[in-house]
Amino acid sequence: MRRISVVLICICIIYGFSPPALTEAAKAPTTIKTAVHMYKGQPYIQISGGNPAVAKSINKILKEHTVKVVDDNRALQQHNRVAWSKTSVKTLYNNQKLLSVVYTDGINYTDDNVGTYIASTYNFDLTTGKRMTLNDVVDTEFKRTNLMSIISQSLQLKYDKGVQIMEKRIYEIPSYYVSEFYYFNKGIVVRFHPTIVAEAAEGFIDVTVPYDQLSDRSISQTVPKYLDYLRTHVSDYIETEMQYFDGYNIGNYYALNNGEYWEQVEPRYYSIPSYSLSPKVRIYKDRTRYYMWVEGTDDAVEVERLVYP
């Protein structure tokens, strides 16, 4: 009997087969470990375990991030000794198949030492080493519509609880603001940089997006336009005219017929084929912010009043 077992194992080896126990062992996931390393005083994540080639590729990308921060810091301080660039890093998800590493990068140009911060998320398929983007998760138009609906509802709930969410962002978020995310067991978390959807004091804003909601056809809905909200809910506005209007663009100055001057501070672009003469203008005050709507457009943009001495 023992001789037969030895013969069977030899046959398996010769013909490329593996006994069931060996096959299952080969399929078993290898633990991927993460550790924090330092490069010239700045941290970065490195992984170990799993496919060596995949680990090497991921480690190169993760270290390159910190190397760039160090280089940026050196360049800044050559021109201004109080300026700095720095980073911190955390592993926020690691389930042996997917990995999420999030860097928080800060940059400062003045001696107030406060700085501004952004998140840089790195998500990897640990089997292939591919860096995953939001398009890999939200891969259909239906899911994209659902994603925006989920974000809108989440921001509304935060707003209702007293978080200083910008009112317009509940209704309208440009697609280029929705890119940074990390995984959790049942979905993803979309992370917004400070000042993108809320006041600076609120810091980063995270929105949890479960996979089942992302694919749920019963919740898909189009988010109403912010202009509709202003027209139906905001009664604090002034109405006047401007001499001519050729479109919205960040940095534009608008001289109103009531003697006021306003600057567009929102990166919204909208052009019209020709000048519009004497269009009606409304400046809405929504809590702490002001939004301008011009007759003939279907959007309101954030503006700030300019006061000249």
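The buried residues of helix H3 pack against five strands that I will name in order, namely S1 (33-39), S2 (42-48), S3 (84-94), S4 (98-108) and S5 (116-125), where buried means under 20% relative accessible area, exposed means over 50%, and partly exposed lies in between, with a 1.4 Å probe and protein chains only. Helices (H or I, at least four residues) and strands (E, at least two) are DSSP runs, numbered from the N terminus. Please keep in mind that this is a predicted model, in which local features need pLDDT of at least 70 and side-chain atom pairs count only at pLDDT 80 or more, while totals for chains, interfaces and linings use all residues. Residues are numbered from 1 along each chain as its sequence is written, and side-chain values use heavy atoms, with hydrogens and water left out.

Let me stay with H3. Its 28 residues should span 40 Å at 1.5 Å a residue, and the end C-alpha atoms are 41 Å apart, which agrees; the expected span is 1.5 Å times one less than the number of residues. Among the buried residues of H3 are Val54, Ile58, Leu62, His65 and Thr66. At the start of the helix, a side-chain oxygen of asparagine 51 comes to within 2.8 Å of the backbone nitrogen of alanine 53, and a polar contact here is a pair of N or O atoms within 3.5 Å, where within protein one must be able to donate a hydrogen and the other to accept it, and residues adjacent in sequence count only if both atoms are side-chain atoms.

Is threonine 66, then, buried or exposed? Threonine 66 counts as buried because its relative accessibility is 0%. A polar atom of its side chain lies 2.6 Å from the backbone oxygen of proline 43. Leaving aside neighbours within four places in sequence, threonine 66 is in contact with residues including Tyr39, Thr87 and Tyr103, contact meaning heavy atoms within 4.5 Å.

Just after this helix, arginine 81 sits in the loop between H3 and S3, and arginine 81 is exposed, with a relative accessible area of 65%. The side chain of arginine 81 reaches the backbone oxygen of glutamine 77 at 3.4 Å.

Now to the second helix, H5, which covers residues 141-160 and reaches 29 Å from its first C-alpha to its last, close to the 28 Å expected. Its buried residues include Leu147, Ile150, Ile151 and Leu155, and what covers the buried residues of H5 includes helix H4 (134-137), helix H6 (167-171) and strand S7 (187-192). H5 is followed by glycine 162, whose phi is positive, near 100°.

Further along, aspartate 299 is found in the loop between strand S15 (289-294) and strand S16 (300-306). Aspartate 299 is buried, with a relative accessible area of 4%, and, not counting residues up to four places away in sequence, aspartate 299 touches several residues, among them Lys168, Tyr248 and Arg268. Which distance separates aspartate 299 from lysine 225 in space? The two are 74 residues apart in sequence, yet their C-alpha atoms are 7.9 Å apart.

Let me end with the whole chain, which has eight helices and 16 strands. Of its 309 residues, 39% count as buried, and residues 24 or more positions apart account for 57% of the contacts with a separation of 6 or more.
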